[in-house]
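Thanks, everyone; I would like to take a few minutes to walk through one model, going sheet by sheet and then into the packing. Please have the structure open while I talk.

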Amino acid sequence: GAYWLLKQSDIALVSEIHHIEGVPIATTQREKLWREAAKRYIPFIAKQGAHFRVVNDDVAHQLSTLGASESKIHKIYSLYLDLENYRPQHIEKQFDVLFVGRLAMNKGIMLLLEAIRQVKTTYPSVTLAIRGEGMLKPDIQAFINQHNLQQNIQLIPRVEDSSHMPQLYNEARMLV
């Protein structure tokens, strides 16, 4: 829609792309659909002279292989951290490992659960906290129940506002 509106003006179109769903592997029909849509969208919008803002080298390479000119691909890394709040705090660690993210196959959450299950055989008290929402939440809960990991894995509810996140990060020894 933005393309059609901007076509009527002299304003340059910048398409911001953080990642292409389904790349490198599409694990759901939805991801396959979005990957195919990107294969059509990127070349089309690139031919119209669009510029692209990407956040890493991998996405820049993907766009280049889809026909975007390297001179129109601009890497601007995402540095959204408020360093006044996101800083080391001297608080007691509650978790060995923390995962924060969308609960989707391409995030590797099921692999992380399997790793925790295996680590538990050597370190029975290993703990993992998961803060996220997504379609895999029921599968994650089933995995926890099936492998008796209720004492090892905790699903953290959504925090009231982002000001609580720095404390959560500081309560973990490691972020995955």
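Let me begin with a definition: two strands count as paired if DSSP finds at least two bridges between them, and helices (H or I, at least four residues) and strands (E, at least two) are DSSP runs, numbered from the N terminus. What we have is a predicted model, in which local features need pLDDT of at least 70 and side-chain atom pairs count only at pLDDT 80 or more, while totals for chains, interfaces and linings use all residues. Residues are numbered from 1 along each chain as its sequence is written, and side-chain values use heavy atoms, with hydrogens and water left out.

With that in place, isoleucine 130 sits opposite leucine 155 of strand 6, and the parallel pairing of strand 5 (residues 128-131) with strand 6 rests on three bridges. These two strands belong to an open sheet of four, ordered 6-5-4-7, with parallel pairing. Strand 6 (153-155) and strand 7 (172-175) are the edge strands, each having a single partner, so one side of each is left without a neighbour in the sheet. From one strand to the next the twist averages 25°, where axes are lines fitted to C-alpha atoms, for helices over the stretch in contact, and angles run from 0 to 180 degrees between N-to-C directions.

Helix 4 (residues 109-122) packs on this sheet, in contact (heavy atoms within 4.5 Å) with strand 4 (95-100), strand 5 and strand 6, and its direction makes about 165° with that of strand 5. Helix 5 (residues 137-146), for its part, lies across strand 5 and strand 6 and runs at about 150° to strand 6.

What is in the largest nonpolar core, meaning a set of buried Ala, Val, Leu, Ile, Met, Phe, Trp, Tyr and Cys residues joined through side-chain atoms within 4.5 Å? That core has 16 residues, and those with the most contacts inside it are Ile109, Leu128, Ile130, Ile140 and Ile153; buried here means under 20% relative accessible area, as against exposed at over 50% and partly exposed in between, with a 1.4 Å probe and protein chains only. Strand 4, helix 4, strand 5 and helix 5 each supply at least two of its residues, and the largest share, four residues, comes from helix 4. If we leave aside neighbours within four places in sequence, leucine 128 touches, among others, Val97, Phe99, Leu112, Ile116 and Ile153. Apart from this core lies another, of 15 residues, including Ile17, Ala46, Val54 and Val59.

Turning to the other sheet, three strands form an open arrangement in the order 1-2-3, again with parallel pairing. Strand 1 (14-17) and strand 3 (73-75) stand at its edges with a single partner each, so each has one side without a neighbour in the sheet. Strand 1 and strand 2 (residues 51-54) pair over four bridges, and serine 15 has phenylalanine 52 as its bridge partner in strand 2. Helix 3 lies across strand 1, strand 2 and strand 3, at about 175° to strand 3.

Within helix 3 (residues 57-65) we find glutamine 62. Is glutamine 62 buried or exposed? Glutamine 62 is buried, with a relative accessible area of 11%, and, neighbours within four places in sequence aside, its contacts are Ile20 and Val23.

Finally, the buried residues of helix 2 are Glu31, Ala38, Ile42, Ile45 and Ala46, and just after that helix glycine 49 takes a positive phi of about 90°.
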